[in-house]
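Grab a coffee and work through a few short exercises on the structure shown here. Try each task before you read its solution.

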Amino acid sequence: MSDIRTIFPNNLRKLCERAGSVTGIANELGINRAQFVRYMNGESSPRPEILEKICRYFGLDARILLEPLETLNQNEPRIERAFAESKMDLDVLIKDPAGLPDGFYKYWKVPFTFGGAIYVTLSYIKTVNGVRHIKTIDHRYFYRDKVVGKYAYPLRRCDGFLFSHPHGHSFLLTYGKNRTTIFGYLEHSHGFNSQLYVGYTAISNPQKQGVRRVSNIVFEKLDISWSEALAFARKEPNWAIEDVHPSIREYLENA
C-alpha cells in the first residue's frame with residue numbers, strides 16, 4: 001500500500017506526463033512553476049483553493065489526495081461513457097489528425113455585446129487521454145471595473161470540448177461561472193493562408209436589442225511559446241475592422 005504522503009505527488013506527476021509540459025500546465029493554472037514542481041516532488045502541499053484549481057484542470061476531485069490515479073480512473077465517469085449512455089454519436093470524439101492541431105490560436109470574432117470593432121483573444125486546444133479540450137480566456141479589461149482578485153479569472157475563462165465532423169469541428173464551452181454556454185463550428189478556410197479556420201459561434205443569452213447571439217469567428221493557428229502567449233494575452237484586444245488582415249476580415253465582415 002502506498003504511503004499516503006506520496007499519493008498526491010505520484011498522481012500529479014502522472015497527470016502532467018499525460019497532459020503536456022509542466023511549464024505549460026503551471027502557466028495555465030496560474031501557479032509558479034517552482035512551487036508546482038514542489039507539489040510534484042512531495043515537498044509542499046497545495047492550499048485548498050490551489051487544489052481546487054488542479055482538480056478542475058484535470059477533471060478530478062479531492063480524492064486525488066488519497067487514492068492512486070489508477071483507482072480514480074476506474075470510477076471516474078468519462079466523456080465516452082456519458083455519450084454512450086445518452087446514445088450520442090461517439091465518432092465525434094475521434095481526433096481528426098488532419099483537423100485542428102493542438103496548440104494556441106488567435107480567436108477573432110465580432111463581439112456579442114458591442115459593435116464597431118473586432119475582438120481578438122487567445123484559444124488553446126489540447127488532447128488529454130484521447131479527448132480534445134478547448135479553452136479561451138477573455139481579456140482582463142472586461143472585468144476590470146466589476147470584479148477583482150481571485151474571482152476575475154474564473155469569470156472570463158471558457159472551458160469545453162472539441163468535436164470532429166466530416167467537414168469541420170464543433171465546440172461546446174461553459175462561460176465563466178455564470179451558467180452560460182457557447183457553441184461554435186469551424187472549418188478550414190482553404191484560402192492561401194493555411195492557418196485559418198472559419199465559422200460561427202452562438203451564446204445562450206436572452207434576446208436583447210442591440211446584442212447579437214450569433215457571431216462569425218476565425219481561428220488563426222499560432223506557433224508560439226507560453227511566454228509569447230502570455231505577452232499576446234496582455235495586448236489591446238479590440239481592433240478596428242480596417243486594421244484586420246483582409247484574409248481574416250472577409251470572414252468577419254458578413255456577420
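## Exercises on a predicted model

Leu172 sits in strand β5, which covers residues 168–175. Keep in mind throughout that this is a predicted model.

**Exercise 1. Get an overview of the chain: how many helices and strands are there, and what share of the residues is buried?**

Step 1. Go through the secondary structure: you should end up with nine helices and nine strands.

Step 2. Turn to burial. The chain has 255 residues, and 44% of them are buried.

Step 3. Look at the contacts with a separation of 6 or more: 51% of them join residues 24 or more positions apart.

Step 4. Finish with the surface. About 14,300 Å² is exposed, with carbon and sulfur atoms supplying 53% of that area.

**Exercise 2. Work out which residues make a nonpolar surface patch with Leu172.**

Step 1. Check whether Leu172 can belong to a patch, since a member needs over 30% relative accessible area. Leu172 has 42%, so it counts as partly exposed.

Step 2. Now find its partners: Phe183, Tyr200 and Val214 join Leu172 in the patch.

Step 3. The patch comes to about 340 Å².

**Exercise 3. Find the salt bridges, and say which parts of the chain they link.**

Step 1. Start with the principle: side chains of opposite charge can pair when their charged atoms come close.

Step 2. Apply a cut-off of 4 Å between a side-chain nitrogen of Lys or Arg and a carboxyl oxygen of Asp or Glu. The count is three salt bridges.

Step 3. Take Glu28 and Lys135, whose side chains meet at 2.6 Å, N to O. Glu28 belongs to helix α2 (residues 22–29) and Lys135 to strand β3 (residues 131–137), so this pair links distant parts of the chain, 107 residues apart. Both Glu28 and Lys135 are buried.

Step 4. Next comes Arg132 with Asp102, again a salt bridge at 2.6 Å, N to O. Arg132 is in strand β3 while Asp102 is in the loop between α6 (79–85) and β1 (103–109), so the bridge ties together parts 30 residues apart in sequence. Arg132 is buried at 1% relative accessibility, but Asp102 is partly exposed at 31%.

Step 5. That leaves Glu49 and Arg47, with 2.7 Å from N to O. Glu49 is partly exposed, at 38% relative accessibility.

**Exercise 4. Is helix α2 mostly covered or mostly open?**

Step 1. Use under 20% relative accessible area as the cut-off for buried.

Step 2. Go along the helix: Val22, Gly24, Ile25, Ala26, Glu28 and Leu29 are buried.

Step 3. That makes six of the eight residues in α2, and the helix is mostly covered.

Step 4. Step just past the end of α2 and you meet Gly30, with a positive phi of about 75°.

**Exercise 5. Which residue lies 6.6 Å from Val128, C-alpha to C-alpha, despite being 110 residues apart along the chain?**

Step 1. The residue is Arg18.

Step 2. Place Arg18 in helix α1, which spans residues 4–19.

Step 3. Check its exposure: Arg18 is partly exposed, with a relative accessible area of 38%.

**Exercise 6. Look for empty space inside: how many cavities of 30 Å³ or more turn up, and what lines the largest?**

Step 1. Searching the whole structure gives two cavities of that size.

Step 2. The largest cavity holds about 50 Å³ of space.

Step 3. Its lining is made up of Tyr107, Lys109, Thr121, Thr136, Asp138, Cys158, Leu173 and Ile182.

Note on methods. Residues numbered from 1 in each chain as written. Predicted model: local features only at pLDDT ≥ 70, side-chain atom pairs only at ≥ 80, totals over all residues. Heavy atoms only, no water. Helix = DSSP H or I, 4+ residues; strand = E, 2+ residues; numbered from the N terminus. Buried < 20%, exposed > 50% of the residue type's maximum accessible area, 1.4 Å probe, protein only. Contact = heavy atoms within 4.5 Å. Areas by Shrake-Rupley, 256 points an atom, 1.4 Å probe, with all protein chains shown as cover. Patch = residues over 30% accessible without salt bridge, like charges linked within 9 Å, V, L, I, M, F, W, Y side chains within 5 Å. 1 Å grid on protein atoms, 1.4 Å probe; cavity = no way out; pocket = protein on both sides within 12 Å on 5 of 7 lines; lining within 4 Å. Points joined across faces, edges and corners; volume = space filled by probe spheres on them.
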